[in-house]
Structures are given as C-alpha cells and as structure tokens.
Amino acid sequence: MSRDDMQKNGISGTGPAYLQVARALEKRIRSGNYHSTGKLESENELCRLFQHSRPTLRRALNLLVKRGLIKCLPKRGYFLLNTQPQKSSRPRIAVLADVDYEVHSLSPENSLPLRHLHRLGHLHRFHLQHIYESSAESALNYLFNPPPEISGALILRPPRSWVDLLIRESSTLQERGFPFIVIDRNLEDSGLHFISSDFGQPIRDALGYLYQLGHSRVAIIIGPSTDTYNAEILAAYRNNCTGMNLAVDPELVCEVDDYDPRRVSEVIGKFLKLPLRFTGLIIGGEIFLPDTLRYLDLYNVNVPAQLSVIASCQNVYLDNLPLHLTFFQQPVRRICEICFEVMGALLEGRYQGVCQRRVRFPFTFGQSCAPVNSLHPTSDAVS
C-alpha cells in the first residue's frame, strides 16, 4: 500500500502504532463502514489494510474492546456492540467542566468560551455534549470510561484539583489513548494536550510599558491565587516587578478571595482608599473593572491624569467603558479555533506529537497611561 493509501485509512507515521490503528479503526466504525453487517474485517485483512503486524493490530483491537466499541467472538472475529447505523457522521465531543467552578456559565448564553465553542464546533462539523462533573475523580473516571458515542473531550478551564490529578495520571491517560484537550490551563511538560492563553504575557507587557513611562510602584487587582490562572498571573507580576526593579510590596497586591459581588466591592473599596501608594494599576480580571472605576470616581482619582490603568476586559465592556482605558483581551475565540483544528487531527490520527500551545493576548494601548511627570514630584501617593 502506498503512503497516500495509508493516509486515506487514517494512518500516519508518528506516535504509537497501535494508537494510530485504533483511531483509524474507530473512525471507520463511526463513519458507518460496518453497520450493515456489524462485523469487522478479519485480522489478516486488517493487517493488510493498515500495513502493521498482527501484535500491533491486536493491541489496537483490544483497546477498542476495552472502550466498548467492539466485542471479540472466538473463532468468529470482531463485531460491533451496536450494529445500528450512526445517526450522524458528526463526531460527538464532550465539553467537560466542573459543576461548581463553572456554575455561573452552565449555559452557552452566559459564557463567552461556550458561545465560541458552539459556533466553531458547528463550523468544524462536531456535535458538542455538555458534561458537568462534581469532582476531579469523577472527571478522570469519565476520561477513562467515556460513552461509546463520544469521540473526544474538551476540558473547559478545570480547577486546580482537576489539573493536579490530570498531571499525576498523565502517563495512564496517554496509554488509554482517548483524545482530549484541556482549555485554558497550563499543563506544560505533562505530555497532555492543552491550549491556553499566555496569562503571564499581558502582565509582562503592562509592567514593561508602565516601567518605560517611569512608574516605580505598580499595583494589581486579581482573583484568588488558589485558582490556577490567578496563580500564574501573580507569579508573572512578582517575577517581572523584580526583574524590572519595580517595587515588590504586599500593599500593592489586592487579592479578592471570593467572587461574591458584595465581597468583591468591599475588598476593592478598601484597597483603593486614599492615599493611594501606587501610580499605576493593572486590573487582572474584568469582573473587578466596574467596582474599580466606581471607587476611583468616588474618591476623585482622575484616570488618566492622576493614575495609569491597564485592564483586562472582554468585548462586552469595550463599547460601554466610562473612560478610555488601555486594555488586553483574552484570545478566547482563537483558542477555541485551535482546539477544533487539533481535535480533528487527533481523531484522524494525523497529529504529530503533543499539542501544548499558549496564545498571546491582543494588547491595545490607549490614552489612559499618564506620564509620571504629571503627578506630584515629591510623592508616589495620588492625592
């Protein structure tokens, strides 16, 4: 068989051979190749079809048996467990999320990532099915024992407990062979597929810009550092402040440890009470932007004349900001696009290696960064 014929059958020259064969066979099964008889080709025929040895083929077949797609009848061959024709050729992809962590976005209407996933999933001819789990262990069990009709999974912004467990079980998950991609969490060097925003990059850019303007004390407002992405943001902030000889002071960090609106407002209000001990401010989450602007206005702190502000915000805020702020936006749509491109390649057995991508934030500098010489020359405090 020529190389082109092998590629037609879903076989590539990279990755474990048995996984390549298993994925190619699964694709043939889900495409309805066997629904009329319910029986796969003989082992000899499959060896010729995929140009692999019998031990490799049997390992691939055993994997599909474990996954509940086929069964082996001694001296008769391999048969589908369900001989009914597939209702749709569109692969079913589970969108796996923590029911408590994502409770605010259980429907696509309330979640920007889910809206992008639905639109782009349809364009890439995937059928998405939402699965909400209550613990890291139940999510892991789903990956080990997915329903037969599920071809792969996208794990949406898992909390730290999930990330820790995925990394601990990474070698077993790789052996299992079920394709999944983690969205917006860093699993670098784990051997698992992830596609994430580069959360440290906008912090580095913002601090670098403020440093060029002459700021020496830059504050930051972030969510609880127990969250994976907030921990990454805080580490980037501290490391880059040290590297740029900016002040590293606990008073410059406002960590909002609870997303309850009353708690958010209370913590930010206390942090911004005069006199401010900084001349630059980075707002690390769009949820904190309305309260921050409200308190600055209440305390008569003029942005940008007195305070340089750089904020994270999604599209919903851009047309409604009361002030022209410098902002950075998370590249949610691009992350979702890459997820479906990679998932398609994984299901067809043509992805080379492990996908570990970190996507840069688009960054727009506006009119809000005030030159330091517009401040009082003898004090860092804003009066």
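Start by selecting residues 1–13, where pLDDT stays under 50 and for which the model has 24 contacts beyond four places in sequence. The model is a predicted one, and those contacts are best viewed with that in mind. Colouring by pLDDT shows helix α1 (residues 3–8) with the lowest mean among the elements of the protein, 44, while strand β9 (residues 253–255) has the highest, 97. Now select residues 373–383, another stretch over which pLDDT stays under 50, and for which the model has 20 contacts beyond four places in sequence. For the protein as a whole the average pLDDT is 82, and 82% of the residues score at least 70.

**Helices α2, α3 and α4**

Next, select helix α2 (residues 17–30) together with α3, and look at how their axes come within 12 Å and cross at roughly 105°. Because angles of 65 to 115 degrees count as roughly perpendicular, α2 is described as roughly perpendicular to α3. To see the contact itself, display V21, A24, L25 and R28 of α2 with L46, L49 and F50 of α3.

Keep helix α3 (residues 43–50) on screen and add helix α4 (residues 54–66), which packs against α3 at an angle of about 105°, the two axes being 10 Å apart. Here too the helices are roughly perpendicular to each other. On the α3 side the residues that meet α4 are E43, N44, L46, C47 and F50, and their counterparts in α4 are R54, L57, R58 and L61.

**The loop between α9 and β8**

Move on to the loop between α9 (200–213) and β8 (218–222), and select R217 within it. The residue is buried, because its relative accessible area is 16% and buried means under 20%. With side chains shown, R217 can be seen making a polar contact with the side chain of D249, at 3.3 Å.

In the loop between α9 and β8 you will also find G214, which counts as partly exposed at 41% relative accessibility. If you draw a C-alpha to C-alpha distance from G214 to L246, it spans 9.9 Å, although the two are 32 residues apart in sequence.

**Helix α11 and the cores**

Select helix α11 (residues 261–271) and, within it, the buried residues V264, S265, V267, I268, G269 and F271. The buried residues of α11 pack against β8, β9, β10 (280–283) and α12 (289–298), so these elements are worth displaying alongside the helix. At the N-terminal end of α11, D260 acts as a cap, with a side-chain oxygen 3.0 Å from the backbone nitrogen of R262.

Then bring up the largest nonpolar core, which has 49 residues; those with the most contacts inside it are L207, Y237, L272, F278, L281, I282 and L307. Centre the view on L281 and, leaving out residues up to four places away in sequence, look for what it touches: V218, A219, I220, I221, F271, L272, T292, L307, S308, V309 and I310. Apart from this core lies another, of 26 residues, which includes L156, V332, C336 and M343.

**A last stop in α14**

Finish at helix α14 (residues 332–347), where A345 has its place. A345 is buried, with a relative accessible area of 5%. Once its neighbours within four places in sequence are set aside, A345 is in contact with R350 and Y351.

Conventions
Residues numbered from 1 in each chain as written. Predicted model: local features only at pLDDT ≥ 70, side-chain atom pairs only at ≥ 80, totals over all residues. Heavy atoms only, no water. Helix = DSSP H or I, 4+ residues; strand = E, 2+ residues; numbered from the N terminus. Buried < 20%, exposed > 50% of the residue type's maximum accessible area, 1.4 Å probe, protein only. Polar contact = N/O pair within 3.5 Å; in protein donor to acceptor, adjacent residues only side chain to side chain. Contact = heavy atoms within 4.5 Å. Core = buried A, V, L, I, M, F, W, Y, C linked by side-chain atoms within 4.5 Å. pLDDT = per-residue confidence, 0-100. Axes fitted to C-alpha atoms, helices over the stretch in contact; angles between N-to-C directions. Parallel < 35°, antiparallel > 145°, perpendicular 65-115°, else oblique.
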